[in-house]
Amino acid sequence: MVKHYRPPGKKKEGNAAKFVIRSQALKQLQISLPLFRKLCILKGVTPREPKKKFKGTHQTYYHVKDIAFLHHEPLVEIHRAIRVHERKIKKAEAKKNHERANRLREKTPKPKIDRIIRQRYPRFVDALGELDDCLTMVHLFAALPASESKKIEVESVHKCRRLAHEWQAFISRTHKLRKTFVSVKGIYYQAEVEGQTITWLTPHSLQQVVSDDVDIITMLNFLQLYEPLLSFVNFRLYHSINLKYPPILDPRLESLAADLYALSRYVSGNTRLSVVNSEALQSESEKIETKQNEAETGTEKSELRLAQLQHQLPSNEPGALMHLVEEVTGEDEEDQDTKECKKLFKNMKFFLSREVPRESLLFVIPAFGGIVSWEGQGAPFGESDQSITHQIVDRESQGHRFLSREYIQPQWVYDCVNARIILPTENYLVGRIPPPHLSPFIDYDEEGAYIPDYAKTIKHLQAAARKEVLFLPGVGKEDLEDPQSLLVEGVIDRAEANDAARRKQKMMILEQQYHDDLKKELQGVTHTSAGSKETSTGVVPTGESTTNVQENEDDMGKLMMSRKKRKLLEAMQISNKRKQAQHDLIKQRKKKIEEAQSQRS
């Protein structure tokens with residue numbers, strides 16, 4: 001067949017009409033490659049993969065509509081104006097007119113990202129759903145050192161640090177934190193805000209070194225979008241709990257690098273005051289309404305309502321009013337997870353030694369209802385406070401000890417948070433090797449998943465806290481179903497044990513009859529009508545023949561399946577074999593480690 005000839009100038013068809021390569025897009029937009037990359041990051045434009053790459057597999061393709069979307073973007077004109085302004089500054093500096101250069105530098109136009117954020121995230125839930133990478137990037141730049149060669153400005157680092165602390169203060173005050181995990185990369189956190197699960201990574205509080213292999217320019221382009229996005233989110237969240245944004249910090253605490261504690265104290269104090277004021281205004285309005293109803297209708301219901309309000313909210317006792325607000329505020333709006341997290345470290349006071357990760361523990365402990373202090377100036381209480389229940393130490397030995405408190409390692413806090421129970425402190429004491437730090441993001445209840453020994457221990461502790469009965473190590477289901485063992489353990493009384501024993505005996509008889517009938521059917525034995533005579537029509541199969549019969553039955557079952565179901569079954573079998581091989585490998589490694597430890601001892 002002769003190939004279709006398209007005369008020059010005729011409209012393109014197929015993929016050639018829908019997609020363009022990057023060089024063609026740059027010619028259409030008349031911008032440089034760095035500016036094109038920046039616009040794609042800000043507007044959310046990503047490369048596409050056409051079915052047929054008409055310009056070769058080494059090219060990057062974009063959709064025509066995406067390029068048209070960028071063509072009408074006002075940021076293109078703003079960056080062109082910035083380029084013209086930079087030329088004027090360069091010309092003034094070349095003429096050594098420094099006054100004009102400084103004046104032009106102050107009047108440099110700055111692009112605004114507010115409109116782009118409203119376009120990309122029309123709803124607040126959309127912004128929360130895309131907050132994972134934003135929080136990770138902001139926390140990363142909050143820990144990076146400022147560098148002129150890397151174009152990391154001091155103002156940008158301070159702004160990222162302030163935004164990160166504002167976010168952590170809100171999560172800690174509203175008790176929205178759910179999981180945390182300490183890894184080599186950093187510390188993972190997971191929170192649940194307005195039904196959205198948000199997971200982010202924060203680096204360790206160590207000296208960060210920026211490598212030359214990292215593309216800092218691209219990361220700064222992302223940061224230009226993420227900084228105003230997180231500012232808008234914090235503004236909305238702070239106003240949802242009746243707080244003014246941005247918060248005003250205590251200059252003394254800010255100078256002592258206790259920003260998170262200052263923010264948390266501001267949030268907790270102002271939320272209570274705002275709730276008190278709103279409750280007082282509401283009570284006054286309700287009193288006025290009830291008085292009007294009294295004058296108009298004179299019913300007894302309004303008098304009773306007024307008496308109840310006066311009894312519940314005494315105007316002459318602000319302490320009682322504050323106590324009432326602290327107990328009642330937000331109880332109906334909180335879900336079950338928030339209530340559990342709020343009471344995990346209740347009535348516990350922690351003191352942090354100087355070697356522990358202070359910022360992380362200052363964020364985690366108050367999020368679960370605990371009170372925390374540290375070693376240094378600006379702390380709420382000192383180390384000699386007798387009401388301290390736990391002191392967190394990360395060293396081999398502790399010299400001076402108080403008998404009224406426990407000295408534990410930081411891992412105990414994170415494991416308690418993930419398990420949602422207060423774990424025993426014997427394994428986490430100072431100088432001991434702590435148990436393995438298990439990831440809360442792995443589902444051990446999944447079918448075929450490898451369950452570590454410490455995960456089983458935590459599961460039994462959780463069941464004991466919920467007053468449930470689980471299988472103990474070395475005890476099977478049949479042992480727990482035995483009425484006599486349950487009677488000995490005190491789970492049931494004697495009458496229930498006798499009834500359960502009779503029911504179990506009856507079920508065992510019926511089960512034995514069923515197995516006997518099934519065995520006779522496999523052997524080919526037929527029953528007479530009277531059931532007294534049996535005639536054998538076949539030979540009793542041996543063990544090898546029964547396995548062969550089962551394999552043949554499996555093969556016949558596969559043949560009876562459709563092709564789609566057969567492929568699905570084979571994929572499931574391959575997946576199960578891989579999981580089993582991985583489990584065997586883990587068990588072999590565990591066995592080798594135990595043998596090495598036994599040889600050392």
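How many salt bridges does a search of the whole structure find? The search finds 18. The structure is a predicted model. The points below cover three of these salt bridges, one network, and the packing of helix H9 against helix H10.

**Glu73 and Arg115**

- The side chains of Glu73 and Arg115 form a salt bridge, with a distance of 2.5 Å from N to O.
- This pair links distant parts of the chain, 42 residues apart. Glu73 is in the loop between helix H4 (64-71) and helix H5 (74-94), and Arg115 is in helix H7 (residues 114-120).
- Glu73 has a relative accessibility of 3% and counts as buried, because buried means under 20%.
- Arg115 has a relative accessibility of 27% and counts as partly exposed.
- Glu73 and Arg115 also belong to a network of salt bridges that includes Lys43.

**Glu93 and Arg105**

- Glu93 and Arg105 form a salt bridge in which the closest N and O atoms are 2.3 Å apart.
- Glu93 lies in helix H5 and Arg105 in helix H6 (residues 98-106), so this salt bridge ties together parts 12 residues apart in sequence.
- Glu93 is partly exposed, at a relative accessible area of 38%.
- Arg105 also counts as partly exposed, at 39% relative accessibility.

**Lys590 and Asp453**

- Lys590 and Asp453 form a salt bridge, and their closest N and O atoms are 2.3 Å apart.
- Because Lys590 lies in helix H24 (residues 563-600) and Asp453 in helix H19 (residues 453-465), the pair ties together parts that are 137 residues apart in sequence.
- Lys590 counts as partly exposed, with 28% relative accessibility.
- Asp453 counts as partly exposed too, with 42% relative accessibility.

**Packing of helices H9 and H10**

- Helix H9 (residues 131-143) packs with helix H10 (residues 154-174) at an angle of about 125°, and their axes are 8 Å apart.
- H9 and H10 are therefore oblique to each other, because an angle of 65 to 115 degrees would count as roughly perpendicular and one over 145 as roughly antiparallel.
- The crossing of the two helices, H9 and H10, is left-handed.
- On the H9 side, the contact is made by Leu131, Leu135, Val138, His139, Phe141 and Ala142.
- On the H10 side, the contact is made by Val157, Cys160, Arg161, Leu163, Ala164, Trp167 and Gln168.
- The residues of this contact between H9 and H10 divide into 10 nonpolar, two polar and one charged.

Methods
Residues are numbered from 1 along each chain as its sequence is written. This is a predicted model: local features need pLDDT of at least 70, side-chain atom pairs count only at pLDDT 80 or more; totals for chains, interfaces and linings use all residues. Side-chain values use heavy atoms; hydrogens and water are left out. A salt bridge is a side-chain nitrogen of Lys or Arg within 4 Å of a carboxyl oxygen of Asp or Glu. Helices (H or I, at least four residues) and strands (E, at least two) are DSSP runs, numbered from the N terminus. Buried means under 20% relative accessible area, exposed over 50%, partly exposed in between (1.4 Å probe, protein chains only). Axes are lines fitted to C-alpha atoms, for helices over the stretch in contact, and angles run from 0 to 180 degrees between N-to-C directions. Angles under 35 degrees count as roughly parallel, over 145 as roughly antiparallel, 65 to 115 as roughly perpendicular and the rest as oblique. A crossing is left-handed if the near helix is turned anticlockwise from the far one by less than a right angle, and right-handed if clockwise. Contact means heavy atoms within 4.5 Å. Ala, Val, Leu, Ile, Met, Phe, Trp, Tyr, Cys and Pro count as nonpolar, Asp, Glu, Lys and Arg as charged, and the others, Gly among them, as polar.
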